[in-house]
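These are my comments on the packing of helices and on the pairing of charged side chains. They follow as numbered points.

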Amino acid sequence: MSLEQRDLISVQVIRRAYFSSAVRCYSENLSQEANQKLYGSLYSDHGMGHNYILDCYVTGPVNQESGMVIGISELDTALREITSTLDHRFLNYDIPYFKTNVPTAENIAKYSFDRLRDILSHHYPGLSLLKVRLYETEDFWVDYGVNLSNF
Amino acid sequence: MGLGCSHLHGHDFKMEITLRSDQPRSHQQIAQLDEIVHSLIQVPYAGKPMHELLPVATGEAISLYFFDILRKSILSEQVISIKLRETRKNQFKVKSAPI
């Protein structure tokens, strides 16, 4: 019996991708002052740019022959489907989802998680996407996923 | 398996270990943990060809191998998880089932 079977051990693979985007965070339901207070520098008329880092956490059985949960290049392909649409874009104007959802780190993480989960479940049914971690800066990040309390 | 893994190569691994304890940690406990990891992981395996020890030396397999070593040590079930960073873009986490 393998270690995984004996002790209910799980293996997670964590892969990182990068993209740079501009965002402007504001609510049409709030006054200029209220927006400024709520979103600070993200409310700028010209938007604000970030170098985002997107970590995805996947889990699944380790294939006995390959020794892998999923090939890194395959995971990169899935991630690239997400990041290529966001990279060097002004999210408010270029991505339909963010025309009606404020492009906060939370919503970008949710957007990334939902789409990545669709891609992975379609191509790799035995794989589970646990969460994504989106770094907006090196000091601020958001986790979005399933049963985060288990982490 | 990616083309990169078909050629012998090395990594500068970083490992994070998460432990469970009922007591607040002390400097002595941290020093003891360092010594355990040093003697069981770093000394035997640093600079060694992992492909000669494991059928397939993937990040997953190496993580499971080290997790098993630590769980069989004096640390036993205090070891909740380890996270092995292979490159700046690759990490592997092995954890026991949550209580």
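1. In this predicted model, helix 1 (residues 27-45) of chain B packs with helix 2 (residues 59-71) of chain B at an angle of about 145 degrees. The axes of helix 1 and helix 2 of chain B are 10 Å apart, and the crossing of this pair is right-handed.

2. Helix 1 of chain B contributes B:V37, B:L40, B:I41 and B:Y45 to the contact. From helix 2 of chain B come B:Y65, B:F66, B:I69 and B:L70. The residues of this contact divide into eight nonpolar, no polar and no charged.

3. Over all chains, the structure holds seven salt bridges. Three of the pairs are taken up below, two in chain A and one in chain B.

4. A:D76 and A:R15 meet through their side chains in a salt bridge, at 2.7 Å from N to O. A:D76 belongs to helix 3 (residues 72-86) of chain A and A:R15 to strand 1 (residues 9-23) of chain A, so the salt bridge ties together parts that are 61 residues apart in sequence. Are the two partners buried or exposed? A:D76 counts as buried because its relative accessibility, 15%, is under 20%. A:R15 is likewise buried, at 9% relative accessibility.

5. A further salt bridge joins the side chains of A:R133 and A:D143, with an N to O distance of 2.7 Å. A:R133 lies in strand 4 (residues 128-137) of chain A and A:D143 in strand 5 (residues 140-145) of chain A; the two residues are 10 apart. The relative accessible area of A:R133 is 17%, and this residue is buried. A:D143 has 26% relative accessibility and therefore counts as partly exposed, since the value lies between the cut-offs of 20% and 50%.

6. In chain B, the side chains of B:D68 and B:K72 form a salt bridge at 3.0 Å, N to O. B:D68 is buried, with a relative accessible area of 18%. B:K72, at 62% relative accessibility, is over the 50% cut-off and so counts as exposed.

7. Which residues are joined into one network by salt bridges that share partners? They are A:K131, A:R133 and A:D143. The pair of A:R133 and A:D143 from point 5 is thus to be read together with A:K131.

Methods. Residues numbered from 1 in each chain as written. Chains lettered and ligands numbered in written order. Predicted model: local features only at pLDDT ≥ 70, side-chain atom pairs only at ≥ 80, totals over all residues. Heavy atoms only, no water. Axes fitted to C-alpha atoms, helices over the stretch in contact; angles between N-to-C directions. Helix = DSSP H or I, 4+ residues; strand = E, 2+ residues; numbered from the N terminus. Left-handed = near helix turned anticlockwise from the far one by under 90°. Contact = heavy atoms within 4.5 Å. Nonpolar A, V, L, I, M, F, W, Y, C, P; charged D, E, K, R; others polar. Salt bridge = Lys/Arg side-chain N within 4 Å of Asp/Glu carboxyl O. Buried < 20%, exposed > 50% of the residue type's maximum accessible area, 1.4 Å probe, protein only.
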